[in-house]
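Here are a few notes to help you find your way around this one. Have a look at the model first, then go through the points in order.

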Amino acid sequence: MVSLERMNRIIEILMKRKIISTIELEALMYCSTSTLRRDLIELEKSGKIARGHGEVRLVTSNNVEYIYSARVREEEKGKQHIADIASTFITDNQSIFIDSSSTSSMIVPYLGNVKNLCIITNGIEIARKLNNFDNITLFLSGGHINYGTNSALGNFASDFIDNFHADLAFISCRGLDKYGTYEANHQQALIKQHMIKNADKSVLLADHSKFNTSHYFKLAHYRDLDCVITDISPIESFQTIVESECEILW
């Protein structure tokens, strides 16, 4: 198992356990003490974990963006429900922005039977899956690839997005409250803002775990969006405020 695969596996374990002893983690990883130590040092440097005396814990700060393989397993059932609703927005002959989020990736299976789609994405894993569909003209942005994110980011990616106009944009976020939507990574937010700006209709996909959670970088106000899709009914006070600016579906 190469280093990146091991580190992804460590995060997957910690997503379930939150805290674990290094002895137990070593047994689960089937690797030597020195190998595990090197991987844990790298993960700690990137802010994903914290090491203590004989234990490792997952960092849960609002400003941490977890690696893709860990994010894709969070609230999977809710994300599938969201994708079911989002699929009703998709019709033949559309151009669609899809961001690199694990939530947006759930839409991919719904695209195979729709005719003549043009998809523009900054998501490496999403592009890999879409490359199997002969009904899709696919564009993948260039840009800087941050460790573990499966995302092309930065000015190259933003400038690439600006070359397109889309009928629809599917984006997700790291948190939202009555004031707006947020990202934990400002580069992710900037890419999504370019998608919103260049799309006729923008649809935010956010499961219930992201509600009432603010992060340091503002992604969008609700007036910038056309619809918010979630998996359970938001609290009434949220609906009252947001529905005056965009549609909410669940």
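What share of the 250 residues in the protein chain is buried? Keep in mind that this is a predicted model.

1. To settle that question right away: buried residues come to 53% of the chain. As for accessible surface, the chain has about 11800 Å², and carbon and sulfur atoms hold 49% of that.

2. On overall dimensions, the C-alpha trace spans about 55 × 45 × 30 Å along its principal axes. The radius of gyration is 19 Å, which agrees with a compact globule, because a chain of 250 residues folded that way would have a value near 18 Å.

3. If you like counting elements, you should arrive at ten helices and 15 strands. Now look at how the chain meets itself: taking contacts with a separation of 6 or more, 62% of them join residues 24 or more positions apart.

4. A quick word on charge. The chain carries 26 positive and 31 negative charges, and the mean positions of the two sets lie 7 Å apart.

5. Next, the inside. The largest nonpolar core has 29 residues, and F97, L176, Y222 and L225 are the ones with the most contacts inside it. Several elements give two or more residues to this core, among them strand 5 (117-121), helix 8 (155-161), strand 9 (166-172) and helix 10 (236-242). The biggest giver is helix 9, with four residues; you'll find that helix at 186-197.

6. There is also a second, separate core, this one of 24 residues. F89, M106, V108 and V203 are included in it.

7. Back to Y222 for a moment, since it's a good residue to click on. Setting aside residues up to four places away in sequence, Y222 touches a run of neighbours from L176 through D177, K178, Y179 and G180 to T181. Its other contacts of this kind are V228, F238, V242, E245 and C246.

8. Which residues does E247 contact, leaving aside its neighbours within four places in sequence? They are D226, C227 and V228. E247 itself sits in strand 15 (residues 247-249). With a relative accessible area of 42%, E247 counts as partly exposed, because that label covers values between the 20% limit for buried and the 50% limit for exposed.

9. One last distance to try for yourself: pick the C-alpha atoms of E247 and V114. These two residues are 133 residues apart along the chain, and the atoms are separated by 24 Å.

Terms used
Residues are numbered from 1 along each chain as its sequence is written. This is a predicted model: local features need pLDDT of at least 70, side-chain atom pairs count only at pLDDT 80 or more; totals for chains, interfaces and linings use all residues. Side-chain values use heavy atoms; hydrogens and water are left out. The radius of gyration is taken over C-alpha atoms; the globule rule is 2.2 Å times the number of residues to the power 0.38. Buried means under 20% relative accessible area, exposed over 50%, partly exposed in between (1.4 Å probe, protein chains only). Contact means heavy atoms within 4.5 Å. Accessible areas come from the Shrake-Rupley method with a 1.4 Å probe; for residues, only the protein chains shown count as cover. Lys and Arg count as positive and Asp and Glu as negative; His and the chain ends are not counted. The place of a charge is taken as NZ of Lys, CZ of Arg, CG of Asp or CD of Glu. A nonpolar core is a set of buried Ala, Val, Leu, Ile, Met, Phe, Trp, Tyr and Cys residues joined through side-chain atoms within 4.5 Å.
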